[in-house]
Amino acid sequence: IDPIVKCSKCEFGDRADHVVEKALKQRVEGFSPEQLTKLIKENKLKCPQCKSEFQPVTVMNMMFPVKLGVGSGQIAYLRPETAQSPYVNFKLQYELQRKKLPLGLALIGRAYRNEISPRNLTLRQREFTQAELQIFFNPAKITEHKQFDAVKNYKVRTQLLPDREQNVIVERSAQELVNSGLPKFYVYHLVKIQQFYLEHLHISKEKFRLYQLSDTEKAFYNKYHFDMEAELDTLGWTEIGGVHYRTDHDLKGHQEISKKNLSVTDEETKQKFIPHVLELSFGVDRNFQTLMTFSYSIDEKRQNTILKLHPKLAPIKAAVFPIIKEEQYETIAEHIVKDLKKEFMCVYDRSGSIGKRYARNDEQGTPFCITVDDKSPQDQKVTIRDRDTTQQIRVKIKDIKNVLRKLINEEITFEKAGGKVETRTKENFV
C-alpha cells in the first residue's frame, strides 16, 4: 500500500508523502496516514492545481487484480515484487544444492504495481524490472563471515541514523560498522554492494551512499535496512536498491500457510532452524537511468553529445572506419571487423565524413574508433581514437584485438597502448 491524498474539489491525486516532501523539503517516508494528514493541515498545504484543501490521507492497494479462468470470478494478482519465487522454491533448491548454507537464489524479472504517479522516466513505473538475490543462512552465524577480514578496512560511505540528523555522509571501515552494532555477515554484503557500484558500474564515489532506514521507514519484517542511493542531478538522492535483513519472516510465513516443514539442520552443530534471509534488491530500470545520467554529457568544444560509458559497460566496444572509400581500404576494415567480432561487439561505418562518424559513435558511447587511413596498406597500422579525450595512437593491425582487450580491462593506459600519431595537414595528407 501507498498513502494517497486527493483534492476536495478537482481530480488531483498524488502520493501523500511525495506532496509533503516536495513542499516541506523533509523526508516523511514511513509516516502513517494520520501523521501525513496532520502535516498537511499544520502547514496549510493546498492542491497545486486549484488551490483547494486536501481530503484526509488514505491508503491505496497497489497490486493489480486479474480474473482467472472463464466466468469463475476467481481473483489473482500480478506480482508486486520478484522475491516470492525463491521462497516458494527454497526447499527444493536446498536439496538440489546438497543442503549447504549460505544458499543464494537470484532472480531477475518483471514486477507490477499500480503506481499512483508514474514519473521521471524509468524511476517510477507501473511495470518494472527487479534483480534480487535472496541469501538463506543460519541466523546463529550472522556475526561471522569467512571473508570478512579481506574487507574489514574497506571504507563504506554510509549515512547512519545519527548522521542523518546532521545530514552528513561518513566513510567508515567495515570493522567500524561492526563495532557500531551491525553483524559481520550483513556488513560484508554492504561492502560488496558499494564495490559493485564504484568499481564495476563506475559511479562517482561522491554521488553514492548507503542510507540507513529508521524503524518507521523500513518494512516491519526488516531488522536491518540500508538503501543504495545515487544523487541524480535534478532529483537529489534517489533510491536504486536495498540491502534487507528479513529474518525468518518469509519462510516462516510460507511454512504456516503451506503446512510444509521448511526447517533445516546445521551439519556441524546439528541445530535445527528456519533459515533467515538477507536480500540484495536492485531496481534495474533505476540503475540503468542512474548510469545514463552520470554518463551523458554535452561537449561544447566538439558541439555534440557524448555518452561516457566505461569501456567495460559500453555495448559497442569499437567502430571501424575506412578513411577512403576504395576497395583496398574497405577490405582491410572489413577484415578487422570480422576478426574483432569474435571477441567484441563492434560496428563498421563507411558513411559520411570522419568527423560525423566520430560524432555518431560518441553519442552511442563507443569508447574506441579505429580508422584505416591512407598509410594503413603500407605500414599495416591503424589509428585508434579515444572517445573521452580524442587522443589518437597508432597500432599494428595484428595487435588491435590485444590492445583493445587491455584498454577495456584497464591493464594499460591509452597513451602507452600504441605509438604517437603524426600531425597531418592538408598539404601532406594524400
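This dialogue walks through aromatic pairs and one buried threonine in a predicted model.

Colleague: What should I keep in mind about this model?

Modeller: It is predicted, so local features need pLDDT of at least 70 and side-chain atom pairs count only at pLDDT 80 or more, while totals for chains, interfaces and linings use all residues. Residues are numbered from 1 along each chain as its sequence is written, and side-chain values use heavy atoms, with hydrogens and water left out.

Colleague: How many aromatic pairs are there?

Modeller: Rings of Phe, Tyr and Trp (its six-membered ring) pair if their centres lie within 6.5 Å, and planes under 30 degrees apart count as stacked, over 60 as edge-to-face and the rest as tilted; by this rule there are 16 aromatic pairs. The pair of F12 and F54 is tilted, because the ring centres are 6.3 Å apart and the planes stand at 40°.

Colleague: Are F12 and F54 buried or exposed?

Modeller: Buried means under 20% relative accessible area, exposed over 50%, and partly exposed in between (1.4 Å probe, protein chains only); both F12 and F54 are buried.

Colleague: Which residues does T129 contact, leaving aside its neighbours within four places in sequence?

Modeller: Contact means heavy atoms within 4.5 Å, and for T129 the partners are I108, G109, R110, F282, G283, V284 and D285. T129 has a relative accessible area of 14% and therefore counts as buried. A polar contact is a pair of N or O atoms within 3.5 Å, where within protein one must be able to donate a hydrogen and the other to accept it, and residues adjacent in sequence count only if both atoms are side-chain atoms; the side chains of T129 and R110 are joined by one of 2.4 Å.
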